Structure formats: C-alpha cells, structure tokens
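User: I would like a close look at a single part of this model, with its surroundings explained step by step. Please define each term when it is first used.

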Amino acid sequence: MAQPVSGPQARQKPLQLYPLVKELAEDRKVPVSVTCRVLKLARQPYYRWLADPITDAELVEAYRANALFDAHRDDPEFGHRLLADEAREAGQAMAGRTAWRIASPSGWPASVGHGSCLACVRKSGKSWG
C-alpha cells in the first residue's frame, strides 16, 4: 500500500503542480505518466487543465484582485469593505466577503486599526511588529 504524502508536497494543490508536469514533459522529455505517478496526480485532470489552463473563475478573481490592489495602493488604510466599494466603482463588483477572501492572504489590512500590510510598513520605514 502506498505511503501517504507528507511535507510540502501534501500541502500543494494539484493545479500548482500541473505547470511542473508540463515543464518536465516539454523541456526534459519526462513522460507525463511517469511524472504524474511520482507526484501522485491523476493524468486525466492534468490533460483537462492543459486544454484550458485558466478557468473563467480564476480570470474573474484575478481582475477583482487587481482592482482591490489598485484601491489598496491608493488608500492603504482602507479595510476590505471599503476596498470592495472602490473595486465596484472601478467595474469589478463583488461582495465584502469576497474582497476579504482575496485581500486576506495578501496581507492587506482587514480594517483600520488592525495593523497594516507589510509593503506599506516597509514604505513608511517603520518596523514590523
């Protein structure tokens, strides 16, 4: 019986590994079946991704993240709700919860008074923490 995958590979999503499979197949001439077997990936979803690597949902989320980032750059003290309002005005409508989900991993502030993002702190010259 196969051992469960542990370490960094266990935390990676298959979609993050598909570009690696593609690169190994093209540049190093490693067969896709071998790479998928070693990485414990199914081949069919890989080929499905290869036919259409960027989904519509990923594209919409990228546009929303870009609008949020632009709003954050203009007003770094805004929380996710105000950033969502600014993004709506820029043509990227989304709920406040969606704005939080996109902005939270980026380190943008959740609200005024909860700290600030690392890029803003570095720009201001203050120490982090």
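Is the residue Arg101 buried, partly exposed or exposed, and at what relative accessibility?

Analyst: Arg101 counts as partly exposed, because its relative accessibility is 41%; buried means under 20% relative accessible area, exposed means over 50%, and partly exposed lies in between (1.4 Å probe, protein chains only). The model is a predicted one, in which local features need a pLDDT of at least 70 and side-chain atom pairs count only at pLDDT 80 or more, while totals for chains, interfaces and linings use all residues. Residues are numbered from 1 along each chain as its sequence is written, and side-chain values use heavy atoms, with hydrogens and water left out.

The side chain of Arg101 takes part in a salt bridge with Glu61, at 3.2 Å from N to O. The term salt bridge denotes a side-chain nitrogen of Lys or Arg within 4 Å of a carboxyl oxygen of Asp or Glu. Side chains of opposite charge can pair when their charged atoms come close. Glu61 belongs to helix 5 and Arg101 to helix 7, and the two residues, 40 apart, link distant parts of the chain. Helices (H or I, at least four residues) and strands (E, at least two) are DSSP runs, numbered from the N terminus. Glu61 is also partly exposed, because its relative accessibility is 34%.

The structure holds three salt bridges, and the other two pairs may be set beside this one. In helix 5, Asp70 and Arg73 are three residues apart, so about one helical turn separates them. The closest N and O atoms of this pair lie 3.0 Å from each other. Asp70 is partly exposed at 26% relative accessibility, and Arg73 is likewise partly exposed, at 48%. In helix 6, Asp85 and Arg88 are also three residues apart, so about one helical turn lies between them. Here the closest N and O atoms are 2.4 Å apart. Both partners are partly exposed: Arg88 at 36% relative accessibility and Asp85 at 34%.

The helices that carry these charged pairs also contribute to the interior. The largest nonpolar core has 10 residues, namely Ala67, Leu68, Ala71, Phe78, Leu83, Ala84, Ala87, Met94, Ala99 and Ile102. Such a core is a set of buried Ala, Val, Leu, Ile, Met, Phe, Trp, Tyr and Cys residues joined through side-chain atoms within 4.5 Å. Two or more of its residues come from each of helix 5, helix 6 (80-89) and helix 7 (96-103). Apart from this core lies another, with nine residues, including Leu17, Val32, Leu41 and Trp49. In soluble globular proteins, nonpolar side chains tend to be buried together.

One member of the largest core, Leu83, shows how its parts meet. With residues up to four places away in sequence set aside, Leu83 touches Leu68, Ala71, His72 and Phe78; a contact means heavy atoms within 4.5 Å. Another residue to compare is Thr35, which is placed in helix 3. Thr35 is buried, because its relative accessible area is 4%. Beyond its neighbours within four places in sequence, Thr35 is in contact with Val21, Leu24 and Val30.

The whole chain provides the setting for these details. It has eight helices and zero strands, and the pattern along the sequence reads α-α-α-α-α-α-α-α. The chain has 129 residues, of which 24% count as buried. Among contacts with a separation of 6 or more, 50% join residues 24 or more positions apart.

Finally, the reading should take account of confidence. The chain averages a pLDDT of 78, and 73% of the residues score at least 70; pLDDT is the predictor's confidence in each residue, on a scale from 0 to 100. Confidence is highest in helix 3 (residues 32-39), with a mean of 94, and lowest in helix 1 (residues 8-11), with a mean of 46. The pLDDT is below 50 over residues 1-11, a stretch with five contacts in the model beyond near neighbours in sequence. Residues 111-116 also stay under 50, and the model has six contacts for them beyond four places in sequence. Where pLDDT is low, the predicted coordinates should not be read in detail.

To return to the request, Arg101 is a partly exposed residue whose side chain meets that of Glu61 in a salt bridge.
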